[in-house]
Amino acid sequence: MTHPVKTDRISTVDHLVAPWAARLDAALAALEEGRLDDLSDIRTEYADWFSSRFPSPSDVLFEDTEASGVPITWARPADTVDGRVLLYLHGGGYLVGAPRGYRGLVGRFARKLKARAVIPDYRLAPDAVYPAAIDDNLAVYKALLDEGYDARSIAVSGDSAGGAMCISLMVAAQEAGLPLPAAAVAISPWANLEHTGESISSKSDTDPVCAPEGLRKLALNYLGGLPLSSPLASPVFADVTGLHPVQIQIGEREIMLSDAVRLAEHLASSRVRVNLEVWPDMPHVWHLFSDDLEDADVAIGSATDFLLSHLSSPQDPSSK
């Protein structure tokens with residue numbers, strides 16, 4: 001028998017995420033029907049809704065600029081440790097999402113971490129397919145290094161597609177001969193675009209945000225005809241040997257659950273230090289709802305603690 005408190009808790013979560021899920025469905029419908037002009041408007045409305053629903057903290061300042069030709073947004077909390085940077089990769093299935101919609105989540109994350117944060121506005125599909133998003137995020141990371149930031153004081157995090165790209169970014173950086181960031185937190189990572197995990201079917205009736213067919217459409221849109229197992233798109237197939245520590249946070253109700261567990265196993269078998277957190281009753285990227293769910297705020301705190309345990313604090317190059 002389901003405990004009444006659990007039923008109420010799940011009902012609350014479903015109510016919170018329903019408007020978000022509806023906007024994702026609208027974007028998918030426009031993509032499927034080839035209404036690319038409408039998709040542009042939907043992306044704008046999606047970012048507007050995120051910005052309104054998840055407002056930025058009042059004590060965090062934001063600045064839109066660019067790095068290596070990629071538009072970025074800097075978040076600057078009032079209290080920061082010199083040289084500490086969070087590189088945050090937003091989600092949205094490579095179809096939607098924008099930095100201005102993530103000012104709330106990233107602002108809270110940066111404030112807890114006492115770090116400046118940078119959110120790349122990487123290119124989306126079908127306008128630019130794989131590996132455009134990876135290339136853009138790697139360019140921003142390299143720009144941070146070129147500006148004088150020490151890799152040991154840079155942390156990486158992201159959600160959904162951005163959660164997978166945390167791993168892919170480190171793999172790409174290693175392949176490029178760049179020093180790796182200190183650590184990464186992958187939130188609800190979309191780690192396997194082949195969707196072969198058992199939870200894709202077993203959780204399809206419990207996940208209030210993602211659906212198997214929708215994920216398949218997003219994957220095909222992003223890959224542009226390339227294999228779904230392309231390593232930087234599906235990091236469960238990447239060579240992750242030598243990566244720095246990773247924490248994975250995944251909700252128990254997510255259809256991505258099995259593939260997140262597979263990613264953790266893949267990292268562990270490659271001798272990468274990995275922490276896996278599975279949160280009962282939680283949906284995809286529940287962290288967004290930190291004003292409504294205690295679990296969201298606690299999860300952000302856990303992610304912060306993990307990153308702080310690996311970050312060093314060299315001098316901010318802007319103060320030299």
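How do the residues of the lining of the largest cavity divide into nonpolar, polar and charged? Keep that in mind as you start the tour, and remember that this is a predicted model.

**Stop one: the cavity**

The structure holds one cavity of 30 Å³ or more. The largest cavity has a volume of about 60 Å³. To find its walls, select Arg 53 and Phe 54, then add Gly 104, Leu 105 and Arg 108, and finish with Leu 288, Phe 289, Ser 290, Asp 291 and Asp 292. Now colour this lining by class: four residues are nonpolar, two are polar and four are charged.

Next, highlight helix α3, which spans residues 103–113. Helix α3 gives the most to the lining of the largest cavity, with three residues.

**Stop two: two helices that cross**

Leave the cavity and select helix α4 (residues 132–146) together with helix α5 (residues 161–175). Their axes come within 10 Å and cross at roughly 65 degrees. Angles of 65 to 115 degrees count as roughly perpendicular, so that is how α4 and α5 lie to each other. Turn the view to look at the crossing of α4 past α5: it is right-handed.

Now show the side chains where the two helices touch. On α4, pick Ala 133, Ile 134, Asn 137, Leu 138 and Tyr 141. Facing them in the contact, α5 supplies Met 165, Ser 168, Leu 169, Ala 172 and Ala 173. Colour by class once again: the contact of α4 with α5 has eight nonpolar and two polar residues, and no charged ones. The lining of the largest cavity, by contrast, includes four charged residues.

Definitions and conventions. Residues are numbered from 1 along each chain as its sequence is written. This is a predicted model: local features need pLDDT of at least 70, side-chain atom pairs count only at pLDDT 80 or more; totals for chains, interfaces and linings use all residues. Side-chain values use heavy atoms; hydrogens and water are left out. On a 1 Å grid over the protein atoms alone, a cavity is a set of points where a 1.4 Å probe fits but cannot get out, and a pocket is an open set with protein on both sides within 12 Å along at least five of seven lines; lining residues have an atom within 4 Å of a point. Grid points are joined across faces, edges and corners, and a volume is the space filled by probe spheres set on the points. Helices (H or I, at least four residues) and strands (E, at least two) are DSSP runs, numbered from the N terminus. Ala, Val, Leu, Ile, Met, Phe, Trp, Tyr, Cys and Pro count as nonpolar, Asp, Glu, Lys and Arg as charged, and the others, Gly among them, as polar. Axes are lines fitted to C-alpha atoms, for helices over the stretch in contact, and angles run from 0 to 180 degrees between N-to-C directions. Angles under 35 degrees count as roughly parallel, over 145 as roughly antiparallel, 65 to 115 as roughly perpendicular and the rest as oblique. A crossing is left-handed if the near helix is turned anticlockwise from the far one by less than a right angle, and right-handed if clockwise. Contact means heavy atoms within 4.5 Å.
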